[in-house]
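Please consider the following protein chain and its model. The paragraphs below lead through its helices, its interior and its surface.

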Amino acid sequence: MTQGLIDSTIEEIYNKFIEFKQKYFWTKQSYYRLKYLQYRELLDEKLKEFGVSLQELRFKEVRRNLEQNIISKYL
């Protein structure tokens with residue numbers, strides 16, 4: 001599989017995971033908790049398929065954020 005496909009597939013699932021995680025922590029509703037856990041399992045499954053860990057994904061996200069928001073200002 002190509003890197004772009006991996007990134008877009010995982011990014012879509014990761015965004016949903018974060019969305020439901022935030023909604024759950026704000027509202028404490030059981031529906032959001034279930035969705036959050038479902039997307040966490042799906043994310044773990046997909047990451048395992050591609051041989052990537054959640055920590056690696058978060059590291060890439062932080063690095064991309066740093067490059068876009070800090071390093072680009074210095075260039």
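How many residues does helix 2 have, and how far does helix 2 reach from its first C-alpha to its last? Helix 2 spans residues 30-50, has 21 residues and reaches 30 Å between those two atoms, close to the 30 Å expected at 1.5 Å a residue. The expected span is 1.5 Å times one less than the number of residues in the helix. This is a predicted model, in which local features need pLDDT of at least 70 and side-chain atom pairs count only at pLDDT 80 or more, whereas totals for chains, interfaces and linings use all residues. Residues are numbered from 1 along each chain as its sequence is written, and side-chain values use heavy atoms, with hydrogens and water left out.

The protein contains three helices and zero strands, and from the N terminus on its elements run α-α-α. Helices (H or I, at least four residues) and strands (E, at least two) are DSSP runs, numbered from the N terminus. Of the 75 residues in the protein, 20% are buried. Here buried means under 20% relative accessible area, exposed means over 50%, and partly exposed lies in between (1.4 Å probe, protein chains only). Among contacts between residues at least 6 apart in sequence, 52% join residues at least 24 apart, a contact being heavy atoms within 4.5 Å.

Helix 2 presents two sides. Tyr32, Tyr36, Leu43, Leu47 and Phe50 are its buried residues. Seen down the axis of helix 2, these buried residues fall within an arc of 60°, so they line one face of the helix; the arc is that of the directions from the helix axis to the C-beta atoms. On the other side of helix 2, Ser30, Glu41, Lys48 and Glu49 are exposed.

Leu43 gives a closer view of the buried face. This residue of helix 2 counts as buried because its relative accessibility is 0%. Which residues does Leu43 contact, leaving aside its neighbours within four places in sequence? They are Ile10, Ile13, Tyr14, Phe17, Leu54 and Leu57. Ile10 is 33 residues from Leu43 along the chain, and the C-alpha atoms of these two residues are separated by 7.0 Å.

Attention now turns to the charged side chains. The structure holds five salt bridges, a salt bridge being a side-chain nitrogen of Lys or Arg within 4 Å of a carboxyl oxygen of Asp or Glu. Lys16, Glu19 and Lys23 are linked in a network of salt bridges. Within this network, the side chains of Glu19 and Lys16 meet at 3.8 Å, N to O, and the closest N and O atoms of Lys23 and Glu19 are 3.1 Å apart. Glu19 and Lys16 both lie in helix 1 (residues 3-27), three residues apart, about one turn of the helix. Lys23 and Glu19 are separated by about one helical turn because they are four residues apart in helix 1. Each member of the network is partly exposed: Glu19 has a relative accessible area of 27%, Lys16 has a relative accessibility of 34%, and Lys23 has one of 31%.

Helix 2 also carries a salt bridge, between Lys46 and Glu49, with the closest N and O atoms 3.8 Å apart. Being three residues apart in helix 2, Lys46 and Glu49 are separated by about one helical turn. Lys46 is partly exposed at 22% relative accessibility, whereas Glu49 is exposed, with a relative accessible area of 52%.

Two backbone positions also deserve notice. Lys28, in the loop between helix 1 and helix 2, has a phi near 60°, a positive value in a residue other than glycine. Most residues other than glycine have a negative phi. Lys28 counts as exposed, at 53% relative accessibility. Just after helix 2, Gly51 takes a positive phi of about 75°.

The surface completes the account. The protein exposes about 6000 Å², of which carbon and sulfur atoms supply 53%; accessible areas come from the Shrake-Rupley method with a 1.4 Å probe, and for residues only the protein chains shown count as cover. Val62, Leu66, Ile70, Ile71 and Tyr74 make a nonpolar surface patch of about 520 Å². Patches are made of residues with over 30% relative accessible area and no salt bridge, like charges being joined within 9 Å and nonpolar side chains (Val, Leu, Ile, Met, Phe, Trp, Tyr) within 5 Å. Ile71 lies in helix 3 (residues 54-74) and counts as partly exposed, at 44% relative accessibility.
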